[in-house]
Amino acid sequence: MATTKFAKREKGGAASEAPSGPLPITQDAPRRRRRPVVMGAGLALSAVGALIAVWLVNDAGDRISVIATARAIPAGAVIKPSDLVIAHVSRDAALHPVPVARKKEIIGKAAAADMPAGILVSTESVRDNASLAQGKDVVGILAKPGQLPSQRLQPGDEVVIVYTPQGGSGSSGSGNSGSGASGKNAAGPDSQPAVVTRVGDADANGARVVDVAAAGTSSPTLAAWAASGNASIVLKAKR
């Protein structure tokens with residue numbers, strides 16, 4: 001252990017040796033006083049950190065269970081339970097997703113537009129498919145490219161089904177939309193008004209099955225046109 005000797009100076013100026021016993025040197029340094037400002041700032045930062053942690057925990061816990069799409073749903077398709085999944089999202093006043101408790105209100109309705117996979121479902125995402133066909137017959141028409149407008153049809157669209165035989169004759173002989181005793185339209189091809197209720201997916205050749213609702217008096221004619229492949233669909237202009 002290191003030691004040192006201290007010299008003691010007498011009143012007359014002469015130095016005299018200190019007591020012969022060695023004194024130990026300690027490593028204790030004078031302690032600095034902590035500043036109150038620094039301590040207060042540290043306490044304030046700790047409090048802020050605790051508040052942020054509490055806020056994050058509460059925000060993570062404030063989630064609701066809603067409905068989302070499990071796969072892409074084309075416009076007009078009837079929504080099935082397998083088309084939907086449960087998603088957990090934070091509450092947001094800007095969003096209006098359908099809660100899981102109201103899932104039954106969505107199943108069985110038709111998609112109002114194309115719905116990609118992984119999006120939240122709202123009440124505006126679906127429409128009551130039955131109301132489009134209420135009081136009318138539904139006919140499925142297989143239309144190939146050239147028999148459909150390039151604009152994608154949507155459920156609720158008003159259309160005109162036109163008889164377009166391969167031979168070029170504009171009358172089917174059974175249409176009821178023309179004038180005169182023969183029931184044929186002398187001014188153009190036979191046609192029938194209808195409303196789109198569902199649009200199927202395109203096959204490998206680009207053909208689609210389009211379900212249309214029409215009056216019971218014209219549905220047999222439309223079915224005959226569709227069976228012969230001589231039905232073209234015209235989208236009516238929006239009013």
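Which residue of β11 is the bridge partner of Glu 158? In this predicted model, the partner of Glu 158 in β11 is Val 195, and following that pairing outward is a convenient way into the sheet around it.

Glu 158 begins strand β10, which spans residues 158-163 and pairs in the antiparallel sense with strand β11, residues 191-199, over 5 bridges. A further bridge in this pair of strands sets Val 160 opposite Pro 193 of β11. Strand β10 is also joined by 5 bridges to strand β13, residues 231-235, and these two strands again run antiparallel; here Tyr 163 has Ala 231 of β13 as its bridge partner.

On the other hand, β11 is joined to β12 by 4 bridges, with the two strands antiparallel, and β12 pairs in turn with β9 in the antiparallel sense over 7 bridges. Taken together, these 5 strands form an open sheet in the order β9-β12-β11-β10-β13, with antiparallel pairing. Because β9 and β13 stand at the edges and have a single partner strand each, one side of each is left without a neighbour in the sheet. From one strand to the next, the twist averages 45 degrees.

Strand β12 deserves a separate look. Of its 7 residues, 5 are buried, so the strand is largely enclosed by the rest of the structure. Asp 211 lies in this strand and takes part in bridges to both of the strands that pair with β12: Asp 211 is the bridge partner of Gly 140, and it is likewise the bridge partner of Arg 198. Leaving aside residues up to four places away in sequence, Asp 211 touches Val 138, Val 139 and Gly 140, and also Val 195, Val 196, Thr 197 and Arg 198. The C-alpha atoms of Asp 211 and Val 199 are 6.4 Å apart, although the two residues are separated by 12 positions in sequence.

The next element to consider is helix α3, residues 219-228, in which Ser 219, Thr 221, Leu 222, Trp 225 and Ala 226 are buried. Seen down the helix axis, these buried residues fall within an arc of 155 degrees, so they line one face of α3. Pro 220 and Ala 227, on the other side of the helix, are exposed. What covers the buried residues of α3 includes β9, residues 137-143, and β12, residues 208-214, together with β10, β11 and β13. The helix lies across these strands, β9, β10, β11, β12 and β13, and runs at about 20 degrees to β9. After α3 comes Gly 229, which has a positive phi, near 75 degrees.

How many residues make up the largest nonpolar core? That core has 18 residues, and those with the most contacts inside it are Ile 141, Leu 153, Val 159, Ile 161, Val 196, Val 212 and Ile 233. The elements that give two or more residues to the core are β9, β10, β11, β12, α3 and β13, and so the strands of the open sheet and the helix lying across them recur in this list. A second, separate core of 11 residues includes Ile 73, Ile 79, Val 98 and Met 115.

Met 115 also leads to a loop elsewhere in the chain, since it is one of the residues that Ser 125 touches. Ser 125 is found between β7, residues 110-111, and β8, residues 126-127. Is Ser 125 buried or exposed? Its relative accessible area is 14%, and because burial is taken as under 20%, Ser 125 counts as buried. Besides Met 115, and not counting residues up to four places away in sequence, Ser 125 touches Ala 110, Ala 111, Ala 112, Ala 113 and Leu 120.

Finally, the chain as a whole can be set beside these local details. It contains 3 helices and 13 strands, and of its 239 residues 28% count as buried. Among the contacts with a separation of 6 or more, 66% are accounted for by residues 24 or more positions apart. The chain exposes about 15,600 Å², of which carbon and sulfur atoms supply 57%.

Note on methods:
Residues numbered from 1 in each chain as written. Predicted model: local features only at pLDDT ≥ 70, side-chain atom pairs only at ≥ 80, totals over all residues. Heavy atoms only, no water. Buried < 20%, exposed > 50% of the residue type's maximum accessible area, 1.4 Å probe, protein only. Contact = heavy atoms within 4.5 Å. Areas by Shrake-Rupley, 256 points an atom, 1.4 Å probe, with all protein chains shown as cover. Pairing = 2+ DSSP bridges. Arc of directions from axis to C-beta. Axes fitted to C-alpha atoms, helices over the stretch in contact; angles between N-to-C directions. Core = buried A, V, L, I, M, F, W, Y, C linked by side-chain atoms within 4.5 Å.
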